[in-house]
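Visitor: Could you take me through one part of this model at close range, and then show me what lies around it? I'd like to start with a single side chain.

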Amino acid sequence: MIETADVVIIGSGIVGSSVAYHLVEQGCKNVLVIEREAHQGKGSTGKSMGGVRAQFSTPVNIQMSRYSIDFFSRFDEVVGHPADYRAHGYLFCATTERHLDYLKANRERQISLGVKNVDLVSREEIGEFVPQLRFDDILGGTFCPTDGFVDPHSVMMGFMLNARTRGARLWLDTTVTGIEVNGSAGSAGILPADGGLNSTLPAPSRAPRRITGVNTTRGHVSTPIVINAAGPWAAEVARMAGADLPVEPLRRQLVPTEPFDGLPQRFPMVIDMSSGFHFRREGKGILLAWNDPEETAGYKTDFDPTFVEKILTHAAYRVPALAEAEVNPRRAWAGLYEMTPDHHAIIGSAPNIEGLYFANGFSGHGVMHSPASGRITADLVLHGNSDLIDASQLSVDRFAEGRLLEETAVL
Ligand SMILES: Cc1cc2nc3c(=O)[nH]c(=O)nc-3n(C[C@H](O)[C@H](O)[C@H](O)COP(=O)(O)OP(=O)(O)OC[C@H]3O[C@@H](n4cnc5c(N)ncnc54)[C@H](O)[C@@H]3O)c2cc1C
């Protein structure tokens, strides 16, 4: 029997699951999600810190967060599954006038785009949230009470379970090994693993090329539309269709402390802008995060034990009490961010390959932006445009055209 699907989604992480949900929600029936792992959540989604925030600097990120956070606040009712959205807020702490000016300018932009509850906070007000902070160098900050956390695994499962009850199919333990494109130089067929990018043959004619199917370890699937939702592996998947996608994996490490009662039971995500160190409560302990500037791109998913000392130095500086916290490096973990050159997502169709779409390159924001990304991708596939944002901003064409976006608030 020939397998067919109206849409094939490659990857069942939080993004692929949200895209499936939004396609089904908009009436698309024959959706097939293909996942190479035996369980969902083995990629970046299962490694995430679960932070959600509207405190960004660019309009497109603010708009995507605004839609997504509103969605998370209604998720349980709308999707029928818990998101575990906790509106504990994000508290940015500035130690330089430059950072404070940056937060003030961002706040103006956030308010102008409808995120009206971002407050400027003084050093004293910051102290009311977390009295244990070192304050002598803090000048002030911003706080948004509807920022907070979700449970990424639960959100992913909710999107997928809902989509499946309405007809979407999920193939686990199935790897997509090739993407079939016809129309390239008059030939039809599966491209080599590098998509022909390194071919020494003459360049094919620029006749429109069109998706016709995917090859998988479970056989061939005939489809006119493929959505790449392969997280940090997105560039490899794009290459299967001969497309170039500037997405690179970058290791990101998180360190949980053992139970620690030297900080309040409830407090916001706190961001020390002087170092980028940030932390939040996770159960009885504290979850510590820091972007190591020495990290280099690559598929590195082992936790590096030397990271513990580095992060604890930043932790103890900002929260002296954390010097007493116990850490078991075996409970720490590493995952992959999926970075683009301008740290913004790539959403939309691939140039010159009809039927290929990207929902990739979230640069560490894929959980918080999953509702908006799924909705925008479904809109583009089914209607060619989205009323949520001007999606052309996120098109992969921006790199070739020099229209890069600049987001400096990358955590
Ligand atoms: C340590 C860490 C902390 C983070 N913290 C946050 C945070 O606080 N807030 C936030 O918003 N984001 C955070 N992120 C980023 C977030 O986790 C990602 O942006 C998001 O999970 C991306 O989801 P995804 O579905 O695109 O990718 P993934 O979850 O990686 O899913 C991609 C899937 O594609 C599958 N796949 C790949 N290739 C193939 C193939 N050929 N065939 C079939 N299947 C394939 C993989 O197996 C995988 O399951 C964090 C990430 C890390 C690593």
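Visitor: Does His99 count as buried or exposed, and at what relative accessibility?

Guide: His99 counts as buried, since its relative accessibility is 17%; buried means under 20% relative accessible area, exposed over 50%, and partly exposed in between, with a 1.4 Å probe and only the protein chains as cover. Before going on, a word on the ground rules: the model is predicted, so local features need pLDDT of at least 70 and side-chain atom pairs pLDDT 80 or more, while totals for chains, interfaces and linings use all residues. Numbering runs from 1 along each chain as its sequence is written, and side-chain values use heavy atoms, leaving out hydrogens and water.

His99 is part of helix H3; helices are DSSP H or I runs of at least four residues, strands are E runs of at least two, and both are numbered from the N terminus. Leaving out residues up to four places away in sequence, His99 touches Ala94 and Met273, where contact means heavy atoms within 4.5 Å.

Step back a little and you reach Thr95, in the loop between strand E5 (90–94) and helix H3 (97–112). Thr95 is buried too, at 18% relative accessibility. Beyond four places in sequence, Thr95 touches Asp137, Ile138, Leu139, Asp272, Ser274 and Arg318.

Arg318 is also a partner of Gln132, along with Gly262, Leu263, Pro264, Val319 and Pro320, again setting aside neighbours within four places in sequence. You'll find Gln132 in the loop between helix H4 (123–129) and strand E7 (140–144), and at 28% relative accessibility Gln132 counts as partly exposed. A polar atom of the Gln132 side chain sits 3.3 Å from the backbone oxygen of Gly262. That pair is a polar contact: N or O atoms within 3.5 Å, where within protein one must be able to donate a hydrogen and the other to accept it, and residues adjacent in sequence count only through side-chain atoms on both sides. For a sense of scale, Gln132 and Val221 are 57 Å apart in space, C-alpha to C-alpha, and 89 residues apart in sequence.

Leu263, one of the Gln132 partners, takes us on to Leu322. Leu322 touches Leu263 as well as Phe260, Phe277, Ile286, Leu288 and Ala315, not counting residues up to four places away in sequence. Leu322 lies in the loop between helix H7 (306–318) and E19, and is buried, with a relative accessible area of 2%.

E19 is a handy bridge to the ligand, as this strand gives the most to the surrounding shell, with four residues. In total 38 residues surround the ligand, and the closest are Glu35, Ser44, Thr45, Glu338 and Met368; a residue gets in if one of its heavy atoms lies within 4 Å. By type, the shell splits into 17 nonpolar, 15 polar and six charged residues. A polar side-chain atom of Glu35 comes to 2.6 Å from a ligand oxygen. The backbone joins in as well: an N or O atom of Val176 lies 3.0 Å from a ligand nitrogen, and one of Val367 lies 3.1 Å from a ligand oxygen. Taken alone the ligand exposes 1,000 Å², and the protein buries 98% of that.

Now for the nonpolar interior. The largest nonpolar core has 56 residues, and Ile9, Leu23, Val31, Ile227 and Ile376 have the most contacts inside it. Here a core is a set of buried Ala, Val, Leu, Ile, Met, Phe, Trp, Tyr and Cys residues joined through side-chain atoms within 4.5 Å. H2 supplies the largest share of this core, nine residues. Ile227 touches, among others, Ile9, Leu23, Tyr357 and Val381, leaving aside neighbours within four places in sequence. A second, separate core has 29 residues, including Leu32, Val181, Val237 and Met240.

Last, two backbone oddities. Most residues other than glycine have a negative phi. Asp173, though, has a positive phi near 55°, and so does Ser363, also near 55°. Asp173 sits in the loop between strand E9 (169–171) and strand E10 (176–184) and is exposed, with a relative accessible area of 56%. Ser363 belongs to the loop between E22 and H8 and is buried, with a relative accessible area of 0%.

Technical notes: Accessible areas come from the Shrake-Rupley method with a 1.4 Å probe; for residues, only the protein chains shown count as cover. Ala, Val, Leu, Ile, Met, Phe, Trp, Tyr, Cys and Pro count as nonpolar, Asp, Glu, Lys and Arg as charged, and the others, Gly among them, as polar.
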